[in-house]
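Let us walk through this structure together, one step at a time. Have the sequence and the 3D view ready as you read.

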Protein chains: 2
Amino acid sequence: MSSSTGKRNVSPSKDANGSAAKKGKQSLVTPLSTKAVNTVRVLCADMVQKANSGHPGAPMSLAPLAYLLWTQVMKYNPKDPQWLARDRFVLSNGHACALLYAMLHLTGYAQVTMDALKAFRQVDSITAGHPENTLIKGVEVSTGPLGQGISNAVGLAMAEMHLGAVFNKSGHAKIVDNYTYVICGDGCLQEGVSSEASSLAGHLGLGRLIVFYDDNQITIDGDTALSFTEDVAKRYEAYGWHVQTLEDVQDLDALLAATEAAKAETDRPSMIKIRTRIGFGSKKEGSHSVHGSPLGAEDLKQLKSRFGFDPEQAFVVPTEVAELFQAAGAKGAAAQAAWNTAMEAYKGAFPAEASELVRCTEHRLPEGWREKLPRYTPEDKAMATRKFSEIALNVLAPMLPELVGGSADLTPSTLTALACSGDFQKKTPDGRYVRFGVREHGMTALANGMFAYGALRPFVATFLNFIGYAWGAVRLSCLSHLGVIFVMTHDSIGLGEDGPTHQPVETLEQIRAMPNLHLLRPADGNEVSGAYISALEHPYTPSVLALSRQNLPNLEGTSAEKTLLGAYVLAEMGGSNGGGGAPELILTGSGSEVAIAVEAAKTLAETVRVRVVSFPSWELFDQQNKEYRLSVFPAGVPVVSVEASATHGWAKYSHAALGLTWFGASGPYAKVYAKYGLTADNLVSKAREVLAFYAGDRQVPSLIDVPFISKQLDHKPVATSHA
Amino acid sequence: MSSSTGKRNVSPSKDANGSAAKKGKQSLVTPLSTKAVNTVRVLCADMVQKANSGHPGAPMSLAPLAYLLWTQVMKYNPKDPQWLARDRFVLSNGHACALLYAMLHLTGYAQVTMDALKAFRQVDSITAGHPENTLIKGVEVSTGPLGQGISNAVGLAMAEMHLGAVFNKSGHAKIVDNYTYVICGDGCLQEGVSSEASSLAGHLGLGRLIVFYDDNQITIDGDTALSFTEDVAKRYEAYGWHVQTLEDVQDLDALLAATEAAKAETDRPSMIKIRTRIGFGSKKEGSHSVHGSPLGAEDLKQLKSRFGFDPEQAFVVPTEVAELFQAAGAKGAAAQAAWNTAMEAYKGAFPAEASELVRCTEHRLPEGWREKLPRYTPEDKAMATRKFSEIALNVLAPMLPELVGGSADLTPSTLTALACSGDFQKKTPDGRYVRFGVREHGMTALANGMFAYGALRPFVATFLNFIGYAWGAVRLSCLSHLGVIFVMTHDSIGLGEDGPTHQPVETLEQIRAMPNLHLLRPADGNEVSGAYISALEHPYTPSVLALSRQNLPNLEGTSAEKTLLGAYVLAEMGGSNGGGGAPELILTGSGSEVAIAVEAAKTLAETVRVRVVSFPSWELFDQQNKEYRLSVFPAGVPVVSVEASATHGWAKYSHAALGLTWFGASGPYAKVYAKYGLTADNLVSKAREVLAFYAGDRQVPSLIDVPFISKQLDHKPVATSHA
């Protein structure tokens with residue numbers, strides 16, 4: 001039993017009626033465990049103090065839970081942080097990362113040295129201000145933006161459930177075999193993305209997902225009573241979760257019992273709601289002022305004295321505590337050795353499945369897959385690129401079991417159903433088609449988690465416009481190198497009647513502004529095949545496929561392989577001297593507007609030599625060498641672009657951009673295109689203006705006087721109630 | 001009582017034990033009401049059929065509810081759709097807009113003619129595919145993107161509660177006085193934004209918010225059982241709502257009784273969950289195939305026959321039905337006349353308040369307000385622009401009661417607290433500071449609703465990066481002309497230690513790509529004052545103020561007034577001939593980087609004549625005449641920009657852009673800036689490269705060979721677990 005020091009009980013405590021005593025077991029609350037918990041608290045406070053920046057409050061209150069998870073509950077091997085069968089741990093309140101770093105250090109993750117702890121929040125250190133999966137092997141997902149981690153965890157648990165159903169076999173049930181544990185705070189539960197993910201988790205009955213809710217009743221603004229007075233437990237029950245409530249995080253025995261009860265619930269996710277005191281042990285304990293600032297030298301000394309540490313020393317781990325955590329970490333080697341044996345047996349009994357599982361974990365694609373994607377000629381039927389996508393996806397899916405995904409309740413529109421597989425549901429976890437519901441943000445965060453599990457290539461689908469609901473999670477796909485494939489249809493005003501609330505205008509440019517995100521906007525069937533090739537061949541860069549609702553012809557000269565170059569010469573025609581020679585004008589564009597460029601070029605070719613460049617991906621083009629890029633856009637040739645989108649970034653690639661400067665309109669698509677001047681005739685007219693503009697002898701063109709065609713359009717709404 | 005036709009009861013029905021019978025009242029279900037309801041159904045089906053596009057299912061199932069609301073429940077005057085005291089109606093499932101258009105037509109909104117109904121979903125028609133507030137006076141908010149409408153409605157109800165608390169007086173309690181009614185479907189309730197808004201609505205106890213949940217159990221993918229099996233009623237109870245459940249939307253008496261019970265709940269928002277049959281009366285009734293496609297000629301004829309209409313005629317409104325709805329609409333004139341009388345009495349008793357209320361509804365600013373904003377000189381203390389913002393906001397707030405807003409639980413960081421006002425809470429509805437909780441998307445959707453109410457200028461605050469959570473709603477601020485003010489702090493990698501999960505990189509460019517959205521990134525105190533002036537003077541264009549966490553000096557030459565020009569000459573210095581003359585080089589940038597440009601210019605001025613242009617807002621600059629724009633950026637002068645952001649769009653305004661091509665890093669801000677080359681020294685070096693590049697005699701510069709400096713940086717993460 002622990003002792004009390006001072007007015008408040010600062011060590012894990014329990015009364016004689018506690019759970020351990022009841023069961024006659026030895027309590028987990030011992031002088032050594034108390035010392036270990038307090039070591040974690042002091043270490044975290046030291047990290048924040050040295051950095052003079054960070055969040056000490058949550059690590060100090062959550063230290064008992066971390067102690068329990070890393071010494072009693074979780075299966076992990078610090079020597080192989082990416083062991084497939086490890087339990088996944090997600091710190092959804094990523095600002096508490098000092099705690100995670102401390103635990104990784106103490107349990108023996110080689111990368112997380114004491115020096116790394118001392119370099120908390122410093123440039124070029126792995127111990128960043130919020131945990132990043134790309135910096136530390138052992139951080140499952142990057143967290144910090146609230147609500148993402150718990151949602152990623154739902155995806156991690158879905159991946160485990162699915163892969164287990166696919167790969168585990170009778171007598172070989174422990175190949176895919178782990179729990180997903182989450183710590184989250186009030187902030188994560190206020191965010192809508194976690195509501196979406198949690199509702200779906202309940203629907204899917206993810207029995208191996210266990211969330212610890214750090215109910216500290218404190219937010220940055222002050223008390224949760226300021227803005228968050230709902231009954232969280234009841235809400236999670238409404239989602240179909242198993243919910244337990246604990247009054248004291250210090251009661252390790254009750255904590256363990258609750259965790260065991262959660263594990264016993266095999267067909268519902270579990271939430272364990274735990275009352276904690278933020279900044280436990282600090283003079284500012286229980287106050288929002290201990291959330292996001294260092295304790296300060298004086299309070300830190302007080303803390304150390306209170307817990308029996310030398311107030312003058314920092315970063316001290318008592319030997320017996322170090323040994324305790326090292327021993328806990330070392331247990332993982334034996335666990336993994338046992339798993340290795342099971343895996344060897346599995347390989348013997350199910351060699352094909354074993355090799356497929358390994359292939360998936362390595363994101364290695366099977367031989368010959370690219371060739372199986374369809375190629376088209378201009379004689380093939382005009383179809384919407386979303387329809388070509390449906391064909392491509394269904395050629396790929398039977399070959400690539402790692403392709404698992406679905407739509408945010410737009411399956412009949414995004415055309416993403418898989419003919420080779422049924423739904424992923426509670427009773428059919430081997431199904432590969434996920435019914436995400438109308439939850440775009442949740443869907444994306446779930447896909448991030450599914451990818452992060454390590455053996456899947458998730459795809460998600462909705463209308464392109466609704467990436468606007470999901471940016472919070474898309475950003476983390478990019479930052480965290482999670483190669484989610486976004487199948488985004490209805491990619492412009494070309495969707496027609498649904499009108500401007502559904503028509504993306506800003507979206508292509510918003511995607512292009514994001515680092516580590518490939519936008520692919522294919523012009524026809526061949527380019528759709530190319531777009532899927534690119535997406536699959538970039539497992540650590542997410543790809544957005546922007547696809548049309550309206551039918552598009554298969555164009556002469558398109559190519560799946562050339563699509564991978566980002567931009568390429570599609571056609572050259574005409575010329576002032578009866579044809580041939582170097583281009584005098586280049587028309588370029590992406591997706592549905594390439595056909596318009598080709599049509600315009602035919603008219604312009606009566607007087608000038610015109611080149612048409614299909615430009616499905618800026619990001620892929622930027623990766624080509626300069627020689628190639630110059631060969632596509634030779635110096636001195638005016639370029640006019642056309643795209644049914646904002647022209648925001650086109651100044652980089654064209655001298656004049658025909659596009660949109662305002663929101664779209666509701667109507668049949670051809671009439672909407674005509675309204676906004678996205679026609680071959682208008683492109684011809686604008687291109688002639690550009691040729692006239694450059695007919696003179698202009699030096700270093702003015703930044704203002706460049707004829708940005710889109711500026712000449714003046715689209716305002718038809719009427720306004722404010723006018 | 002109604003009669004049954006065929007196998008299914010297709011008219012409103014109730015048994016002898018129904019609520020009306022119990023109370024001994026006359027039932028609302030009469031042959032005429034049944035005919036009226038069926039007229040609405042057929043009219044909506046006709047609209048969709050003629051457009052050959054749209055959503056007939058929900059209008060047909062919800063027609064009884066619409067009938068009840070517009071004939072028995074709501075206070076509205078078609079002759080003055082913007083009457084302040086009207087009840088607000090929000091169709092959150094905006095795809096059901098045929099229903100709304102039909103009701104506006106039938107009850108006498110002059111704008112919505114029968115011809116307008118016949119032009120449903122056609123270019124240049126007001127009856128767009130989803131309802132747009134900028135097209136029809138009578139559409140309160142633009143809906144369609146799911147989850148927004150119900151969230152806007154929370155904002156509408158907050159505005160009513162606040163304005164009522166401020167302006168209503170003893171004996172004059174009906175000046176601000178209305179309910180907010182919402183119809184929403186499963187889709188809206190799956191979206192996280194509605195979860196955020198609903199949680200806060202429960203917290204705030206919005207007793208005048210009444211939501212009708214169209215529980216039709218159908219989604220686009222099929223049955224809600226595919227993805228949405230949570231207990232919605234229980235969830236809303238957990239939020240603190242009053243929840244009622246009705247089994248049949250046709251029972252008008254039960255519907256009215258439930259509505260009255262909801263109104264009797266004065267301190268909780270109400271949800272009335274109603275079972276409906278999608279596409280009621282169609283052969284496809286109850287199926288997802290009637291959600292989003294016309295019925296088809298044959299089924300439409302069947303429908304008309306079933307309901308006693310001539311199957312060969314379309315757009316028919318029986319005379320007695322027309323008279324019924326016209327009479328219902330006409331009641332509003334008397335209601336408004338009574339209100340006008342009350343308003344006259346109020347004006348007499350409280351002239352100052354009355355004139356202030358009118359001023360607010362007109363978005364008219366008081367005399368002399370601009371001058372009261374602070375101006376600074378270089379001698380004034382360097383501060384973060386978020387700090388200058390705090391000062392400006394607190395100068396403005398006492399003058400402008402329409403400024404109501406708050407932060408998504410980051411008040412101590414965004415510095416948006418109002419010294420002149422306490423919190424807006426259930427028991428203090430006159431407070432102007434809203435504790436939104438960690439709910440960025442909900443916060444924005446709520447602010448949209450608060451603006452749409454008609455007399456407020458809401459401001460919302462969070463870190464700039466977290467606009468990524470809110471784009472779904474920000475887009476609607478822009479599309480719907482709702483001048484919300486976004487106070488977005490921590491606007492770059494300059495926030496330092498929190499690291500790349502919190503550091504915006506793509507965000508400025510994403511904002512600039514959005515139509516009708518002003519980005520203002522002030523460089524110092526004067527420009528912060530200018531940014532607030534611009535934001536307030538544009539009530540129908542939302543503004544994003546991007547503000548620094550780090551301190552910035554007050555610069556020589558900045559000006560609040562010049563900020564309104566978007567870009568202006570800040571300084572000119574040096575020159576090869578001992579100074580003076582036309583500029584040979586221009587350095588430009590925004591916000592925190594302007595000081596870097598000034599410092600670099602001082603070095604460069606040793607050899608060339610350098611101009612520094614402060615560029616706080618592209619959108620404002622684009623609105624200036626060409627002469628002015630050329631005076632700032634004269635033809636022939638190379639421009640180098642510097643901004644701690646993606647360079648995506650800078651090709652439009654600079655020949656070379658120093659910026660970011662990758663995510664940021666965690667560390668003290670000056671070290672992070674140095675890591676990414678955002679220093680005066682590096683800018684000097686890059687500017688000299690640009691000068692050398694343009695020293696020759698280049699014709700029509702290549703699009704490739706332009707020295708985009710940002711391309712020369714190659715920022716990759718320090719390490720990667722996937723490497």
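Start in the middle: of the residues of chain A, A:Gly192 comes closest to the rotation axis, its C-alpha lying at 1.8 Å. What is this axis? Two copies of a chain are related by a rotation about an axis and a shift along it. Here, a rotation of 180 degrees with 0.0 Å of shift along the axis lays chain A on chain B, with an RMSD of 0.0 Å. That is the relation of a two-fold axis. For this comparison, copies are superposed by least squares on the C-alpha atoms of residues with pLDDT of at least 70 in both. The same surface serves both copies, as 100% of the contact residues of chain A recur in chain B (contact means heavy atoms within 4.5 Å).

A word on how to read all this: it is a predicted model, in which local features need pLDDT of at least 70 and side-chain atom pairs count only at pLDDT 80 or more, while totals for chains, interfaces and linings use all residues. Residues are numbered from 1 along each chain as its sequence is written, chains are lettered from A and ligands numbered from 1 in the order in which they are written, and side-chain values use heavy atoms, leaving out hydrogens and water.

Now follow chain A along its length. An automatic or database domain assignment divides chain A into domain 1 (7–337), domain 2 (370–552) and domain 3 (564–693). Taken over C-alpha atoms, the centres of domain 1 and domain 3 of chain A are 54 Å apart.

Next, find helix H12 of chain A, residues 319–349. (Helices are DSSP runs of H or I with at least four residues, strands are runs of E with at least two, and both are numbered from the N terminus.) H12 has 31 residues and reaches 46 Å from its first C-alpha to its last, close to the 45 Å expected at 1.5 Å a residue; the expected span is 1.5 Å times one less than the number of residues. Its buried residues include A:Leu324, A:Phe325, A:Trp339 and A:Tyr346. Buried means under 20% relative accessible area, exposed over 50%, and partly exposed in between, with a 1.4 Å probe and protein chains only. The buried residues of H12 in chain A pack against several helices of that chain, among them H2 (31–51) and H13 (351–361).

How many disulfides does the structure hold? There are 0 over all chains, a disulfide being a pair of cysteine sulfur atoms within 2.5 Å. The sulfur of A:Cys97 is 9.1 Å from the closest cysteine sulfur, in A:Cys44, which is too far for a bond.
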